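Take a look at the sequence and the model below. The text that follows walks through some of the places worth finding in them.

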Amino acid sequence: MERKDLIKKWLDNELNPQELEAFKKLEDYKELTTLSNNLTRFKAPEYNVHEELNAALQNINTSKKESKTHLLRPILRIAAILAISFSVYYYTTTLDTNFATLAAQKTTIELPDASNVSLNAMSTLVFNESRWDKNRDVTLEGEAFFKVAKGATFNVKTKHGMVTVLGTEFNVKQRDDYFEVICYEGSVKVTHNSDIVILKPGNSFLKIDGKLIAREKETSLHPSWINNESYFKSMPFEYVVREFERQYNVSINPQNVDIKQLFTGSFSHNNIELALKSITLPLDVKYNFKNKTSIELSRD
């Protein structure tokens, strides 16, 4: 990718991990990042438009013999400073911070108010740092566990619904036709289409294909994936397969396996052979590696 394209995508927060590494190798990488940091801290100087305009008009009245070009300079100066101030303000207040994880990758993010977000594999979190004091809003695609510091209303926006809290711990999972919120501490409000539900510790909200699924009360203190393990309770096997693919960056092809059958169990994120046995043995399913990144499931 050309240098100008990398810089443009960097300014728009659209670099993927590979492009980010290429951007860091640019000769002027340090200068570009220094400029960006300075801009985010920049505050336009106080500027009294009326005083400058009066001064400009006074200069015009006392300098009638000067050329028209010279008379316009004070006014042009006002316009230039206003334009620069507005440009810097617009740049620093519309720039979003974007975090994304790849398959088999997790990360932890500290938000401006010291809230913490653990981001699961193949997930994206977006927020605006410069507006954080006024709007504690984040946009999530994928799955994340939140520990929210007490303060103003905190909103997690997803394409399936919104979760609103003041200060609590909860997990949000939004994958295709799957939307789940589990409250671990405090309380959260879930808004999904016409549904509005208040969750207390141990309560959950789960919709699959638009259908509300009843769940037993959660007894753990945090989601299992935080400890590198995925746990399922009476979950259609296809969702187990999808999560396995995300955690191990592989493709799974179920041959004559009923992916709608319910699965209860777990698999580790640290040992693929052990994990495969954990999800196949309970269902009497066999697995076969076609190559390093492709696995076939089948029944005899």
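Aspartate 177 has a relative accessibility of 24%. That value makes aspartate 177 partly exposed, because buried means under 20% and exposed means over 50%. This is a predicted model, so every value here is computed from predicted atoms.

Which residue meets aspartate 177 in a salt bridge? The partner is arginine 242, with 3.5 Å from N to O. Arginine 242 lies in helix α6, residues 237-248. Aspartate 177 sits in the loop between β8 (169-175) and β9 (178-185). The two are 65 residues apart in sequence, so their salt bridge ties together separate parts of the chain. Arginine 242 is also partly exposed, at 25% relative accessible area.

This pair belongs to a network. Asp177, Glu238, Arg242 and Lys260 are linked by salt bridges. Side chains of opposite charge can pair when their charged atoms come close.

Stay on helix α6 for another pair. Glutamate 243 and arginine 246 form a salt bridge, and their closest N and O atoms are 2.9 Å apart. Both residues belong to α6, 3 residues apart, so about one helical turn separates them. Are they buried or exposed? Glutamate 243 is buried, with 2% relative accessibility. Arginine 246 is buried too, with a relative accessible area of 11%.

Now move to an earlier part of the chain. Aspartate 113 forms a salt bridge with arginine 136, and 2.5 Å separates the closest N and O atoms. Aspartate 113 is in the loop between β2 (107-110) and β3 (116-119), while arginine 136 is in strand β5, residues 136-147. The pair is 23 residues apart and links distant parts of the chain. Aspartate 113 counts as partly exposed, at 21% relative accessibility. Arginine 136 counts as buried, at 6%. How many salt bridges does the whole structure hold? The search finds 9.

Next come the empty spaces. Rolling a probe the size of a water molecule over the atoms shows where empty space is left. The structure holds 1 cavity of 30 Å³ or more. The largest cavity has a volume of about 40 Å³. Its lining is made by Lys173, Arg175, Tyr178, Tyr239, Arg242 and Arg246. Two elements, β8 and α6, give two or more residues to that lining. The largest share, 3 residues, comes from α6. What kinds of residue line the largest cavity? The lining has 4 charged residues, 2 nonpolar ones and no polar ones. Arg242 appears in this lining and in the salt-bridge network. Arg246 also lines the cavity, and it pairs with glutamate 243.

Then turn to a pocket. The second largest pocket has a volume of about 610 Å³. Its lining has 30 residues, and Glu180, Ile182, Arg215, Glu218 and Tyr231 lie nearest the centre. At least two lining residues come from each of β8, β9 and β14 (229-236). The largest share, 7 residues, is from β14. This lining divides into 10 nonpolar, 10 polar and 10 charged residues.

Now look at the nonpolar side chains. The largest nonpolar core has 25 residues. Inside this core, Leu125 and Phe146 have the most contacts. The elements that give two or more residues to it are β3, β4 (124-127), β5, β6 (154-157), β7 (162-165), β8, β9 and β10 (188-192). The most comes from β5, which gives 4 residues.

Which residues does phenylalanine 146 touch, leaving aside those up to four places away in sequence? They are Asn116, Val117, Leu125, Val138, Leu140, Phe154, Val156, Thr168, Glu169, Phe170 and Val172. Apart from the largest core lies another, of 23 residues. Val257, Leu276, Ile295 and Leu297 are among them.

Finally, step back to the whole chain. The protein chain has 7 helices and 18 strands. Of its 300 residues, 36% count as buried. Among contacts with a separation of 6 or more, 44% join residues 24 or more positions apart.

Note on methods
Residues numbered from 1 in each chain as written. Predicted model: local features only at pLDDT ≥ 70, side-chain atom pairs only at ≥ 80, totals over all residues. Heavy atoms only, no water. Salt bridge = Lys/Arg side-chain N within 4 Å of Asp/Glu carboxyl O. Buried < 20%, exposed > 50% of the residue type's maximum accessible area, 1.4 Å probe, protein only. Core = buried A, V, L, I, M, F, W, Y, C linked by side-chain atoms within 4.5 Å. Contact = heavy atoms within 4.5 Å. 1 Å grid on protein atoms, 1.4 Å probe; cavity = no way out; pocket = protein on both sides within 12 Å on 5 of 7 lines; lining within 4 Å. Points joined across faces, edges and corners; volume = space filled by probe spheres on them. Nonpolar A, V, L, I, M, F, W, Y, C, P; charged D, E, K, R; others polar.
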